[in-house]
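Colleague: I'd like a close look at one part of this structure. Please take me through the empty space and what sits around it.

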Amino acid sequence: MKQLIVLADMEGASGIFDHNITWLYNGQDDWRKFGRDCITSDMLAVCKAAKDFGIDEILLYDFHWAGNPEFNIILEKLPSMVRVFDVVDRCMFYEKMRGQAARNAFGIITLGQHARWETPNAYFEHTIQSPPIKNIFVNGLHIAEIGFSVLNFGGIPYLANIGCQASMTEALELSDSIVTIPVKDKAKKWEPSPQETFPLIYDGVLKALQQADKAKVVKLPPPYSFSMELCDGFAYDTNAEMSWKGEITPKNAEWTAPTIEMGLELFHHVRALISKDDRV
């Protein structure tokens, strides 16, 4: 069985730009009326290409506004070949997600992606949650949502990234063999509609699937050393007890894990120690 893993966000979706940021707010009126249709259109383009190529199953994780049980992608509009990861309220439970995917899945596609915090000419750039988070590194590799998504499924080829042009920087640092499928570009003032980008996504995904034998597996060697730096105005509680191996200062936290999934799970514990910096 050919299984394709699609890891979706929304800031990089077609049709959503700075002037209509309210379309991104999960659960709000503009999100229901406009935003959901944008990311759903992008996902349908992926599904059409996957079906035409011969993919049997798409395993989808919709992590925009993770923790809210309502999906951003309109699942009832998707074909029956799509199955969603079974995680409570779409929370980022990385170990559980990895266990649900086939070890020999055909490939990974990241969809609706945005750039890391402070990336020039980006739409809605952030690193998981910025502020307060400024940068995250694992084994020296600078990662954000795209890196979290792809590294969690180590051993599976990374095929394509679909999203804001600025998001391609992180994606290409993970693998320079991916197919890049931009759907908007702030630097060039290119802001097409979902109807215009649908065929672009279809063609790009089909190309990525057809040349999957050239795709790279993104996998780092253990152990996994993480570090997370905070933006100005925020600090870690250095008096808190740490349940992990690592060090913590007011502006930076470091932790080490034997598996990438465990390291990504520990991120949630580290983030819980962040608060406003009273010294500012």
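Modeller: Let's fix some words first: helices (H or I, at least four residues) and strands (E, at least two) are DSSP runs, numbered from the N terminus. What you see is a predicted model, where local features need pLDDT of at least 70 and side-chain atom pairs count only at pLDDT 80 or more, while totals for chains, interfaces and linings use all residues. Residues are numbered from 1 along each chain as its sequence is written, and side-chain values use heavy atoms, with hydrogens and water left out.

Now for the holes. Rolling a probe the size of a water molecule over the atoms shows where empty space is left. On a 1 Å grid over the protein atoms alone, a cavity is a set of points where a 1.4 Å probe fits but cannot get out; a pocket is an open set with protein on both sides within 12 Å along at least five of seven lines; and lining residues have an atom within 4 Å of a point. Grid points are joined across faces, edges and corners, and a volume is the space filled by probe spheres set on the points.

Start with the largest pocket, which has a volume of about 510 Å³. It has 23 lining residues, and E11, W65, A66, H126 and I128 are the closest to its centre. To sort a lining by class, count Ala, Val, Leu, Ile, Met, Phe, Trp, Tyr, Cys and Pro as nonpolar, Asp, Glu, Lys and Arg as charged, and the others, Gly among them, as polar. That gives twelve nonpolar, six polar and five charged residues around the largest pocket.

Which helix gives the largest share of that lining? It's α6, with three residues. Helix α6 covers residues 260-271, twelve in total, and spans 17 Å from first C-alpha to last, close to the 16 Å expected at 1.5 Å a residue (the expected span is 1.5 Å times one less than the number of residues). Buried means under 20% relative accessible area, exposed over 50%, and partly exposed in between, with a 1.4 Å probe and protein chains only. In α6 the buried residues are I260, E261, G263, L264, E265, L266, F267 and V270. An α-helix has 3.6 residues a turn, so residues three or four places apart point the same way.

Next, the closed spaces. There are two cavities of 30 Å³ or more. The largest cavity holds about 60 Å³, and among the residues lining it are Y61, F63, M92, I128 and F153. Notice that I128 turns up here and also among the residues closest to the centre of the largest pocket. Both α2 (94-100) and α3 (145-151) supply at least two residues of this cavity's lining, with α3 giving the largest share, three residues. By class, the lining of the largest cavity has eight nonpolar residues, two polar and one charged.

The second largest cavity has about 30 Å³ of space. Its lining includes Y158, L159, I178, V179 and K214, and by class there are seven nonpolar residues, two polar and one charged.
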